[in-house]
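Open the model in your viewer and keep the selection panel at hand. Follow the stops below in order.

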Amino acid sequence: MTATTERETATAGAPAPAPAIEAVSVSRWYGNVVAVNDVSFALGPGITGLLGPNGAGKSTLLHMLAGFLAPSAGSVRMFGETIWKNEALYRRIGLVPEREAIYPFLTGYEFVLLSARLHKLPDPEAAAARAIRIVDMGSAQDRAAAGYSKGMKQRIKIAAAIVHDPEVLLLDEPFNGADPRQRLHMMDMLREMAAAGRTIVFSSHILEEVERLAENVLVVVSGRLAASGDFRQIRKLMTDRPHTFTIRSSDDRRLASALVSDTAVFGVELGSDRLTVRAADFAAFAHAVAKVARGAGVSLFEVLPTDESLESVFSYLVKR
Amino acid sequence: MNRAIVELTARQLLGQRRSLLLVVFALIPVGIALLYRFEGQQPNHVQWTANVLGARLIVGTLLPIAAVIFGTAALGSEFEDGTAVYLLSKPLSRSRVVLSKLLVAWLATGALVLASVLVAGAIAIRDIPDQGVLLGFAVAVAAGSLAYCSVFVLLSILTSRALITGLIYVFIWEGLMTALFSGTKVLSIRQYTIGVAKWLTTTSERTFAARLDGPEALALMVVMSILATWLAVRALARWEIGESG
Amino acid sequence: MSQRDEPAGSIYDLGYRRYDGPRLGRRHAMLSLYLFSLRGAFGLGRRTSSKIIPIAIAIIAATPAVIQLGVGAIVSSEHLHVIRPENYFNFIQIAVALFCAAVAPEVMGRDQRTRTLPLYFSRALLRSDYVLGKLAALWTALLFLTFVPQALLFLGNGMASSNSTGYWRDNWMDFPRIVASGALVAALFASLSLLVAAQTARRAYATVSVIALFVISSVISEVISGTAGGVWGQAAVLLTPFEVVRATILWVFQSNAESGSALAQADLPGYVFFAMLCAATAIAAWLVVRRYERIAV
């Protein structure tokens with residue numbers, strides 16, 4: 001990812017009176033073990049990635065959002081209503097569970113149709129056909145689910161979850177078992193849904209997925225919410241750790257000596273064909289580098305923030 | 001009730017190997033009735049049919065085993081396989097889910113046991129007036145299936161070891177404890193069923209005896225079924241997804 | 001997720017080392033498997049819900065002994081022998097069958113369900129070692145039902161007696177018989193229930209099949225011997241493991257079947273049942289070994 005890439009932002013608009021998903025001081029413990037510890041956030045339309053290492057409490061949190069676990073303290077609300085023991089809310093929610101279990105004796109189409117019928121949709125056959133088209137499973141829809149590959153099961157589960165066109169879609173580790181092509185297709189599909197104003201939350205422990213898909217992240221570490229918001233914003237907030245940029249220019253050596261004197265710069269390292277610069281403030285350096293380069297008469301070819309990846313944000317948060 | 005769940009559960013229960021096993025179990029009373037017909041030594045056919053075939057083989061063995069298998073599988077296999085979330089993440093009241101599952105478990109158990117008791121009974125009792133034994137057992141078995149299934153559906157929500165827990169209830173509590181301590185009969189579905197069967201026959205106490213009076217047995221059966229179903233709905237509303245699910 | 005333009009690769013030394021120490025080998029692997037499976041039979045080392053059922057059934061199997069000892073302590077009668085050792089099995093046969101139904105699928109099918117079987121088979125352990133280890137584990141677990149309560153009862157009766165020395169002198173022969181009958185019964189139940197459990201990875205099927213083999217067969221046998229006479233009634237006792245076990249225990253204690261019982265009706269010499277029990281145990285064990293040698297993992 002480059003700093004110049006424009007990220008597609010789904011929606012802006014004024015925040016609705018009741019956010020699609022709201023967690024207020026949510027905790028969940030099992031006996032003496034605290035799985036989720038005093039977590040609060042509010043989510044609106046767009047894609048949110050729930051990120052954390054295995055065992056961090058992602059699944060527990062997602063299950064609480066889905067109404068399949070009661071918070072031990074605090075509350076989880078959807079559109080202003082408590083989700084726990086509130087079946088009517090499922091009209092507006094789709095859930096893709098992590099386990100790949102599907103009724104082995106049903107065909108893919110029957111499975112999606114079952115979901116449509118359980119939602120009491122007026123035309124379940126049409127809804128099922130539409131959902132299967134979206135996930136591109138038409139060619140395998142009449143085969144028994146027992147013979148599906150992991151990726152196919154994942155897609156048919158998504159079809160079943162979106163058959164009623166929900167406003168909120170919750171996905172637990174949705175990309176597990178999908179091959180790269182299916183993964184891209186699923187990402188496109190989720191982006192489209194987000195662009196249409198849906199609220200999508202997915203959990204993952206794979207940074208790349210979250211980075212590529214989510215404009216918004218919730219980072220969960222040891223049951224606590226370590227960070228939330230746009231991950232580039234989060235990164236900027238953490239100014240106590242230097243940002244690293246790699247720069248390619250017409251004259252690296254000259255640029256290096258010019259940059260060393262700049263107050264925003266911590267250190268400069270000259271490589272064979274590039275310059276590595278560490279700076280305290282992301283925004284200040286971005287401004288400064290252009291000015292310095294022009295002053296020194298050097299042309300900038302490329303400025304890359306090297307550790308702007310979610311991975312560095314994440315490892316930073318975990319270490320803290 | 002929900003038709004989609006009913007159809008799904010019917011395919012779930014009947015499409016499996018365990019239903020084949022149960023058909024074999026249901027044929028056992030028929031085989032024994034044939035043996036009795038040709039090799040039997042008891043002269044009183046009504047007595048044998050009521051006590052041995054009805055009370056011992058059907059009500060004491062086939063009925064609870066069929067009920068524990070269908071009753072715990074109807075909803076329990078969904079928890080075990082991790083498919084329960086597909087039913088529960090829908091705008092359906094939990095009572096509909098429980099009632100639909102219970103209905104199928106009951107129909108499957110009832111149909112199997114009823115067929116077994118009627119065929120085996122007709123073979124054993126021959127053509128003499130049967131003093132209402134066949135009708136009595138048919139009705140009792142139909143009602144007893146419901147009581148058993150409602151208890152086992154409840155168990156399947158409460159514990160992942162519902163099958164063995166149900167078997168312990170059937171064989172230790174109903175089989176052993178009720179034989180030793182008469183007071184436990186008020187918590188024994190087997191005794192309710194026999195009580196109802198006896199109520200509908202015109203046999204004498206010497207031919208066929210029950211520990212509970214008919215009305216008492218029926219009332220307990222109704223209370224047990226309603227209570228278990230109500231508790232099952234409550235338990236399902238509070239059901240939480242497991243760590244693996 | 002490389003952000004550089006050129007490919008870069010490096011191998012880090014994470015400090016992994018080869019294991020060069022001594023390897024404990026096959027016998028130790030078998031012993032470990034045995035102990036692990038034995039603990040697993042009672043749910044030890046697993047969550048609480050796995051412990052409740054096996055331990056509850058074991059307690060049920062010990063209850064007759066406890067009641068007898070309790071009553072003996074209060075009534076303190078020399079001649080109070082509600083339960084003769086050769087009859088103890090009659091009180092606990094259902095508990096033993098339920099224990100097998102609950103535990104055999106844990107001992108045998110669990111590794112298939114959790115897909116750990118290939119891990120065992122890629123170790124020093126032979127496939128037959130695996131089966132024998134499991135068999136020994138279930139056998140030992142069953143001894144807690146078929147032997148331990150009776151041994152306690154025997155010792156308790158002796159200690160409660162006002163003339164302990166006399167009691168031991170008169171009854172000492174009971175002890176080796178309790179050991180022998182307990183071991184034989186446990187062996188038959190262990191190998192038959194593992195044979196059933198080895199046929200399927202699904203716990204529910206295994207549980208129901210074990211119940212069918214022990215409990216339903218005993219009901220059928222009882223009904224047939226009570227219904228039909230002649231050769232049918234005589235042969236009925238051979239239909240169920242319960243009767244074979246009962247007859248073997250009587251043979252071990254050199255005692256006779258109660259008159260009027262199915263066994264008395266069958267009127268076969270005791271050693272026939274003993275031979276049947278041994279043969280059934282051995283054949284079932286062999287079949288389990290054969291199945292596991294052919295099973296694809």
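Start with chain A, which is divided into domain 1 (21–229) and domain 2 (236–319). These bounds come from an automatic or database domain assignment. Put a centroid on each domain of chain A: 38 Å separate the two centres, taken over C-alpha atoms.

Before going on, note the ground rules. This is a predicted model, where local features need pLDDT of at least 70 and side-chain atom pairs count only at pLDDT 80 or more, while totals for chains, interfaces and linings use all residues. Residues are numbered from 1 along each chain as its sequence is written, chains are lettered from A in the order in which they are written, and side-chain values use heavy atoms, without hydrogens or water.

Next, select the contact between the chains (heavy atoms within 4.5 Å). You should get 33 residues of chain B and 29 residues of chain A. The area buried between them is about 2900 Å², with 61% from carbon and sulfur atoms. Buried area here is the accessible area (1.4 Å probe) that two parts lose on being put together, summed over both.

Now look for charge pairs. Four salt bridges link chain B and chain A, each a side-chain nitrogen of Lys or Arg within 4 Å of a carboxyl oxygen of Asp or Glu. Zoom in on E110(A) and R11(B): they form a salt bridge, with the closest N and O atoms 3.3 Å apart.

Finally, colour chain B by helix (DSSP runs of H or I, at least four residues). On the side touching chain A, α1 (3–14), α3 (45–81), α4 (84–88) and α5 (94–125) of chain B each supply at least two residues. The largest share, seven residues, comes from α1(B).
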